[in-house]
Amino acid sequence: MKIGYQGTIGSYTQRAAKQLAENVNIYSAEYVPLISSANVVKALLNGEIDYGVLAVYNSIGGKVQETEDALSDINYLKVTAIVMPIHQCIFKKNHSIKNENINKIYSHIQALRQTQLTVKKYFPYAKLKETEDTAIGAKRLAEGEYDNYSAVICSKEAGEFYKLALVYENIEDDDSNQTMFILIEKN
């Protein structure tokens, strides 16, 4: 059994995939990180995965447009859904980097929307840069693809997995921040 999910290791969608699988009594599965909604749908249609997990709606950021676009022209069955609390964090490469020197912040468009007021408060001059996934941003920062004056917004799990330095925790603009995730199969 293979379950593909939008995102990579440490993403909220990875966590959702495991919870959704348990909700339908799937306890033994291979979880396949596919980064984008389009990749999940393509893998599902090609028979490379049995199920797909996608984020569809966030209480602050609204509908997840990339998922809506990916699902617009396919025939699929929604098996189940969950709503999970989302608590974003800001991480930098290491603690020797001063917060006032951070001039770029990378994350998925949804995370940027969920944290825009808080980010502006703490980093008013930082440029916001979109990535395909929050955890991908963490991975890229850890691997040196982003310079040392960059930070990322991601889950605490992703930042810790990639051994980054926590700057701020729970930076979502509304502490009731939630995202709906769905488990789908080909119809």
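**View 1. Ile-3 and its partners in strands 2 and 3.** In this predicted model, Ile-3 sits opposite Tyr-31 of strand 2. That pair belongs to a parallel match between strand 1 (residues 2–5) and strand 2 (residues 30–33), held by four bridges. To get from strand 1 to strand 2, the chain goes through helix 1 (residues 12–23), and this β-α-β crossover is right-handed. Ile-3 also has a bridge partner in strand 3, namely Tyr-51. Here too the strands run parallel: strand 1 and strand 3 (residues 51–58) share three bridges.

**View 2. Ala-29, in the loop between helix 1 and strand 2.** Which residues does Ala-29 touch, once anything up to four places away in sequence is set aside? The contacts are Met-1 and Ile-3, and that second name is the residue with bridge partners Tyr-31 in strand 2 and Tyr-51 in strand 3. Ala-29 itself belongs to the loop that links helix 1 to strand 2. Lys-2 is 27 residues away from Ala-29 in sequence, yet the C-alpha to C-alpha distance is 5.6 Å. With 24% relative accessibility, Ala-29 falls in the partly exposed class.

**View 3. Asn-23 and Asn-25, around the end of helix 1.** Asn-23 is part of helix 1, while Asn-25 lies in the loop between helix 1 and strand 2. How do the two fare for exposure? Asn-23 counts as partly exposed because its relative accessibility is 39%, whereas Asn-25, at 58%, counts as exposed because the cut-off is over 50%. Look across from Asn-23 and you can pick out Ile-82: the two are 59 residues apart in sequence, with their C-alpha atoms 9.1 Å apart. Asn-25 has a backbone detail to check as well, with a positive phi near 60 degrees in a residue that isn't glycine. Most residues other than glycine have a negative phi.

**View 4. Ile-35, another non-glycine residue with positive phi.** What is the phi of Ile-35? The value is near 70 degrees, so the sign is positive. Ile-35 is placed in the loop running between strand 2 and helix 2 (37–45). Its relative accessibility is 22%, so Ile-35 counts as partly exposed; the buried class would need a value under 20%.

**View 5. The cavity and its lining.** How many cavities of 30 Å³ or more does the structure hold? There is one, and the largest cavity takes in about 230 Å³ of space. Its lining is made of 19 residues, with Thr-13, Ala-55, His-108, Gln-110 and Thr-134 the closest to the centre. Four elements give two or more residues each: helix 1, strand 3, helix 4 (109–114) and strand 11 (178–186). Which element gives the most? Helix 4 does, with three residues. By class, the lining of the largest cavity is made up of seven nonpolar, 10 polar and two charged residues.

**View 6. Strand 9, covered on both faces.** All five of the five residues in strand 9 (residues 150–154) are buried. Ser-150, Val-152 and Cys-154 make up one side, and Ala-151 and Ile-153 the other. Which strands pair with strand 9? Strand 6 (residues 89–92) does so in the antiparallel sense, over four bridges, and Cys-89 has Cys-154 as its bridge partner there. Strand 7 (residues 104–107) runs parallel to strand 9, and three bridges join them. In that pairing, Ile-105 has Ala-151 as its bridge partner. Cys-154 and Ala-151 thus show up here as bridge partners, and they are on opposite sides of strand 9 in the buried set.

**View 7. Gly-144, in the loop before strand 9.** Follow the chain from helix 6 (134–142) towards strand 9 and Gly-144 is in the loop between them. Is Gly-144 buried, partly exposed or exposed? Gly-144 is partly exposed, because its relative accessible area is 45%. Met-180 makes a handy second marker: the two residues are 36 apart along the chain, and their C-alpha atoms are separated by 32 Å.

Terms used
Residues are numbered from 1 along each chain as its sequence is written. This is a predicted model: local features need pLDDT of at least 70, side-chain atom pairs count only at pLDDT 80 or more; totals for chains, interfaces and linings use all residues. Side-chain values use heavy atoms; hydrogens and water are left out. Two strands pair if DSSP finds at least two bridges between them. A crossover is right-handed if, with the strands pointing away from the viewer, the path from the first strand over the helix to the second runs clockwise. Buried means under 20% relative accessible area, exposed over 50%, partly exposed in between (1.4 Å probe, protein chains only). On a 1 Å grid over the protein atoms alone, a cavity is a set of points where a 1.4 Å probe fits but cannot get out, and a pocket is an open set with protein on both sides within 12 Å along at least five of seven lines; lining residues have an atom within 4 Å of a point. Grid points are joined across faces, edges and corners, and a volume is the space filled by probe spheres set on the points. Ala, Val, Leu, Ile, Met, Phe, Trp, Tyr, Cys and Pro count as nonpolar, Asp, Glu, Lys and Arg as charged, and the others, Gly among them, as polar. Contact means heavy atoms within 4.5 Å.
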